[in-house]
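Okay, thanks everyone, let me put this one up on the screen. I'll keep it short.

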Amino acid sequence: MLVSGEGTNLQALIDACRAPDYGAAVVAVGADRDSINGLARAERAGLGVFTVRLADYPGRQEWDQALTSACAAYEPDLVVLAGFMKLVGKSFLDAFGGRCLNTHPALLPSFPGTHGVRDALAHG
């Protein structure tokens, strides 16, 4: 699972996974920023965590490859982008296309950003 902030969607999944019949488990949580509440939630739940910051790479392609490798190391069946605020690129989609779920609320291209649903409803 990838997060960029508070980790409320992550917490909902952590809580759901506690039910024995849920059928899924969060295996690790990655982020694009250090010291965020989402990573703290994951650590409290005993999950593996990792951070792949864009600023640590010469460009987006190199960052995307590093993010892909970091996620692949956990061998996930599904990668959930739960409020992950960076666009993933070709390397990531080549590795996880068809196994990636994005919960970001944008409704592109008409309603971008974090308030896409609110903006769409206001538009009618």
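I'll go through one helix and then a few backbone angles.

Bear in mind that this is a predicted model. So, the helix is α2, residues 37–44. Which residues are buried there? That would be G38, L39, R41 and A42. And yes, there's an arginine in that list, R41. Those four sit on the same side of α2, because they cover an arc of only 155° around the axis. As a reminder, an α-helix has 3.6 residues a turn, so residues three or four places apart point the same way.

Now turn to the other side of α2: E43 and R44 are exposed there. What do the buried residues pack against? There are four elements to look at: β1 at 2–3, α1 at 8–17, β2 at 28–31 and β3 at 48–51.

Okay, on to phi. Step just past the end of α2 and you get to G46, which has a positive phi of about 80°. That one's a glycine, but the next two aren't.

Go back to the loop between β2 and α2, and you'll find S35. Its phi is positive too, about 55°, and S35 is not a glycine. Is S35 buried or exposed? At 77% relative accessibility, S35 counts as exposed.

The other one is E75, in the loop that runs between α3 (60–72) and β4 (79–81). E75 has a positive phi, near 50°, again in a residue other than glycine. And E75 is exposed as well, since its relative accessible area is 69%.

That's what I had, so over to you.

Methods: Residues are numbered from 1 along each chain as its sequence is written. This is a predicted model: local features need pLDDT of at least 70, side-chain atom pairs count only at pLDDT 80 or more; totals for chains, interfaces and linings use all residues. Side-chain values use heavy atoms; hydrogens and water are left out. Buried means under 20% relative accessible area, exposed over 50%, partly exposed in between (1.4 Å probe, protein chains only). The arc is that of the directions from the helix axis to the C-beta atoms. Contact means heavy atoms within 4.5 Å.
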